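Colleague: Could you walk me through one part of this model in some detail? I'd like to follow how a pair of strands fits into what surrounds it.

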Amino acid sequence: MSTGSAPRVVVLGGGSAGWITACLLHHEWAARGGSVTVVESPAIGIIGVGEGSTPQLKAFFDHLGIEEAEWMAACDATYKLGIRFTGWSEREGCESYFHPFPGPVDLHTEPSFVKNCGLRRRGIDVPAHPDDWFLAAQLAKSRRGPVPEANFPFPQSYGYHFDAHKLGAFLRDWAVPRGVTHRPLKVEDVELDQSGDIAALLCEGGERIEGDLFVDCSGFAALLAEQKLDARFLPFAENLFNDRAVVMPTSHAGPIVPQTESIAMSAGWRWSIPLTSRVGNGYVYSSRHISDDDAATELADALGVAADEAQPRFLKMKVGRLENSWVRNCLATGLSQGFIEPLEATALHIVIATALDFAKAYESAGFTDTHRDTFNQRIAARYEGIRDYIVAHYRMNQRSDTDYWRQNAANQSLSDDLKAMMTAWFTHGSIEEANTKAYGPAAPYAPMSWHALFAGYGTFPPPARMQAPPSGLDVADREAARTLLAACALNFPEYAPA
């Protein structure tokens with residue numbers, strides 16, 4: 001594949017993933033003569049599993065120059081400071097913990113948290129719960145937003161909650177006036193050329209849409225990459241049991257808290273995501289451990305709604321990834337590329353990273369596939385690193401009340417990298433060094449995240465084996481950290497989205 005100039009890009013499928021990719025590739029290549037056409041069938045709906053993001057989505061909008069006030073109001077969006085995990089551990093004092101998006105203020109408190117974690121791992125009874133050491137946790141607890149007053153010099157990292165349907169529509173309406181072509185057509189077949197590359201999409205009414213590069217955003221079907229080009233799908237079922245979700249939106253019952261909630265259930269977990277218009281609720285579960293009807297009933301009971309009035313919507317999840325995201329002249333993104341369940345809201349994070357990394361790799365080689373293998377290796381490593389962190393939530397769970405949780409805790413289908421992270425924790429090794437060795441300098445999760453997970457679950461020696469700190473031991477002062485964070489939090493207004 002060698003074009004020598006910016007390509008004609010054809011994106012199959014819209015939704016958040018399709019339009020994010022279209023916007024990014026148009027932004028990168030339009031001035032070089034490239035074009036982007038999005039072909040999506042009006043009859044195919046958007047799945048929209050999970051309506052949360054990491055801070056990568058803010059970087060995406062900043063990259064395109066789209067103001068928050070413009071897109072957030074159109075997509076019922078709210079701020080997200082992190083994720084509160086509740087019920088994943090039965091250990092006293094660890095029934096809940098907050099996984100924050102860290103910011104500059106945390107540079108003053110995170111070392112103290114890490115120090116105390118090290119002491120706790122050695123059996124010294126010192127405070128080491130993550131909620132005490134990060135500004136995002138303090139802001140969420142006091143229902144404050146992530147945007148400080150103008151005179152406060154330290155920004156706070158944050159993501160968003162949003163209506164996935166409206167996000168896709170907003171990006172479409174933003175992109176089309178700027179030169180992206182939108183074709184609402186049903187694709188009936190795919191034409192390959194003599195070399196085996198995709199030549200054109202054959203649409204209803206006999207229309208033929210040619211391109212140099214095709215992006216597969218057709219959802220779990222992966223119509224181009226998997227079905228037409230025989231890309232190999234690698235399932236994750238051996239250590240990620242969940243393969244279903246049931247969704248039930250509800251109305252607000254109180255003030256909006258800028259956090260996602262992840263609450264353990266009998267055979268999985270449920271999310272609670274506040275939008276300006278409603279609360280998004282869903283139960284992600286394993287069909288091997290609970291039926292669809294029982295999952296819907298359990299979720300309805302947890303939400304306090306009548307099951308027969310809840311109007312549950314069921315989703316099947318194809319958890320895994322393509323072995324290679326870039327196959328011949330096709331790039332797979334979104335659900336076509338892969339899906340790791342929405343526990344840490346990484347879906348759009350991967351879409352954005354994939355599109356930007358691909359654009360850089362493709363353009364740097366003169367719009368050829370010279371860097372395809374290296375690109376595929378980087379994306380695969382990103383997936384596997386995220387997968388390990390998600391698997392760690394299940395493998396390290398501290399519950400024992402159902403077969404689902406017991407089987408997750410006993411699961412030995414772990415990567416060597418994840419085993420290395422667990423070994424480092426339980427043998428008092430450096431999590432930072434283990435993380436870099438396992439996942440490289442661009443590890444998908446920082447050492448802070450691993451500390452928050454392990455410490456948040458309370459995976460320390462049992463209380464009976466804990467010792468009081470010896471006299472003169474250098475213990476980080478939790479109260480000093482709390483005081484600093486509380487003072488900083490006062491510079492962030494209470495969160496009351498319009």
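Modeller: Happy to, and please keep in mind that this is a predicted model. Let's start with strand β4, residues 82-86, which pairs with strand β14, residues 260-265, in the parallel sense over four bridges. Within this part of the sheet, arginine 84 stands opposite glutamate 261 in β14.

β4 also pairs with β5, this time in the antiparallel sense and over five bridges. Here phenylalanine 85 is the residue that stands opposite tyrosine 97 in β5.

Stepping back, these strands belong to an open sheet of seven with mixed pairing, in the order β5-β4-β14-β15-β16-β13-β17. The edges are taken by β5 (96-100) and β17 (313-316); each has a single partner strand, so one side of each is left without a neighbour in the sheet. On average, neighbouring strands of this sheet are turned by 20 degrees against each other, direction ignored.

What about the edge strand β5: is it enclosed or open to its surroundings? Four of its five residues are buried, so β5 is largely enclosed by the rest of the structure. That holds even though one side of β5 has no neighbour in the sheet.

Finally, a helix belongs in this picture too. Helix α7, residues 292-303, lies across β13 (244-247), β14, β15 (268-274), β16 (279-285) and β17. Its direction is at about 140 degrees to β16. β14 is thus a good place to finish, as the parallel partner of β4 and one of the strands that α7 lies across.

Methods. Residues numbered from 1 in each chain as written. Predicted model: local features only at pLDDT ≥ 70, side-chain atom pairs only at ≥ 80, totals over all residues. Heavy atoms only, no water. Pairing = 2+ DSSP bridges. Helix = DSSP H or I, 4+ residues; strand = E, 2+ residues; numbered from the N terminus. Axes fitted to C-alpha atoms, helices over the stretch in contact; angles between N-to-C directions. Contact = heavy atoms within 4.5 Å. Buried < 20%, exposed > 50% of the residue type's maximum accessible area, 1.4 Å probe, protein only.
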